[in-house]
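Hi,

Here's the structure I said I'd pass along. Have a look at it first, and then my notes are underneath.

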Amino acid sequence: MKRVVVGLSGGVDSSVAAYLLQKEGYEVIGLFMKNWHDDSVTISDECPWLEDSNDALLVAEKLGIPFQTVDLSEEYKERIVDYMFNEYEKGRTPNPDVLCNREIKFDVFMKMALDLGADYVATGHYCRRAVTEVNGKETYHLLAGVDTNKDQSYFLCQLSQEQLSKALFPIGELTKPEVRAIAAELDLITAEKKDSQGLCFIGKVKLPDFLQQKLKPKEGDIIEIPAAHEVYQAERCVEELNERTLSKKATPIDYTPDMGIFKAKHQGAHYFTNGQRRGLNVGGTKEPLFVIGTNTDTNTIYVGQGNNHPGLLRDTLKIEKQDEHWLRTDLMLQEGEQMKVKARIRYRQDLQEATLYKYKSGIYVNFEASQSAITLGQFVAWYQNDELIGSGVISK
């Protein structure tokens, strides 16, 4: 009998994942990961870890499987929280959920599970895994979940072939309503529980409070850049796409205060990200203001009116060579090659038509349509059909 360790989060998805594996005849063990101790920055009525741990325990008891809580808070702080602080300090916006899957669930946690004699680790992600033979070698495929509204393959975009070989995603063939129906039929305490929000295995976090633990408030200017500014009026001739022109297209505009109008003060450029609307606390404009750029060196935020402001839109981004990741290593581009793909720059975004261009310095992703709020530090993931084959950190 194959042994599977399930990361029981205290939610309905991992609860049903454990049940389905048990039904298939696996020996199932439930482990709850405690990743955070500081409740002062979490919103206490939104998924506190203690409540989640208790719910996970009740599910395990109902299913009759062994259960324990493991404390990974030290590893989480080193690999996720410290990285987040460093990225925000540089004016970049990290994605802790993608990192948590790569560094915690499918690394630290997976190694712990394998030490317990597990053959696999399972989670409640809405995605699927397939196995085929490619060039005489067993190859693992990460496929989108059947429920297109819940597909979570993006969050697993940094996994490796080795990690995927030991991973199972039991609910990937189901829709969310089907998962809830199974939980209700089993009378599981998590059947009607709301989906968790916020940071992976921490809960919903007051991000400014969280960041202020290390990044202190620092007053700076909010500058509005008019949509009609000449910086957006440069002649847009169609140029041949090569490394020079792609680099030009991918480079964000270098805003300066003299290009716009002073609107208000803020408490720290490192608390804001491209596309952000909330938290600016600036009124009196015809359309809502959106962040179109930040400069942490000068502690300045640049904003524009409306979600179609030209400062929000760009069709090209770059991934530095060291940040390029291929889940399907057999499909990896070589220098000078290109590949048509479908890509997304954030979770829940519809897949967009794009072309990858590989150069010595890294990969350019050129989208057919302009994308809103391309954000440094976030991940772009690319697909062929419904298979996620690679990803990378957006560097510009």
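I'll start with lysine 176, which counts as buried because its relative accessibility is 10% and the cut-off for buried is under 20%. Bear in mind as you read on that this is a predicted model.

Lysine 176 sits in helix H6. Leaving out residues up to four places away in sequence, lysine 176 touches Val12, Asp13, Tyr126, Asp147, Lys150 and Asp195.

Two of those names lead on to a helix pair. Helix H1 (residues 12–23) packs against helix H6 (residues 176–185) at an angle of about 70 degrees, and their axes are 9 Å apart. That angle makes H1 roughly perpendicular to H6, since anything from 65 to 115 degrees falls in that class. The crossing of H1 past H6 is left-handed. On the H1 side, the contact is made by Val12, Asp13, Val16, Tyr19 and Leu20, while H6 brings in Lys176, Val179, Arg180, Ile182 and Ala183. Sorted by type, the residues of this contact come out as seven nonpolar, three charged and no polar.

Next, the cysteines. How many disulfides does the structure hold? Zero. For cysteine 127, the closest cysteine sulfur belongs to cysteine 157, and at 12 Å that is too far for a bond; a disulfide would need the two sulfur atoms within 2.5 Å. Going the other way gives the matching picture: the cysteine sulfur closest to that of cysteine 157 is in cysteine 127, again 12 Å off and too far for a bond. As for exposure, cysteine 127 is buried, with a relative accessible area of 0%, and cysteine 157 also counts as buried, at 0% relative accessibility.

Last one: phenylalanine 67. You'll find it in strand S3 (residues 67–71). Is phenylalanine 67 buried, exposed or partly exposed? Its relative accessibility is 22%, so it counts as partly exposed; the line for buried is drawn at under 20%.

Phenylalanine 67 also has a partner from elsewhere in the chain. Phenylalanine 32 is 35 residues away from it in sequence, yet the C-alpha to C-alpha separation in space is 7.8 Å. Phe32 is also one of the residues that phenylalanine 67 touches, and the others are Leu8, Gly30, Leu31, Ser53, Ala56, Leu57 and Ala60, again not counting residues up to four places away in sequence.

That's what I have for now. Shout if you'd like to go through any of it together.

Cheers

Methods:
Residues numbered from 1 in each chain as written. Predicted model: local features only at pLDDT ≥ 70, side-chain atom pairs only at ≥ 80, totals over all residues. Heavy atoms only, no water. Axes fitted to C-alpha atoms, helices over the stretch in contact; angles between N-to-C directions. Helix = DSSP H or I, 4+ residues; strand = E, 2+ residues; numbered from the N terminus. Parallel < 35°, antiparallel > 145°, perpendicular 65-115°, else oblique. Left-handed = near helix turned anticlockwise from the far one by under 90°. Contact = heavy atoms within 4.5 Å. Nonpolar A, V, L, I, M, F, W, Y, C, P; charged D, E, K, R; others polar. Buried < 20%, exposed > 50% of the residue type's maximum accessible area, 1.4 Å probe, protein only.
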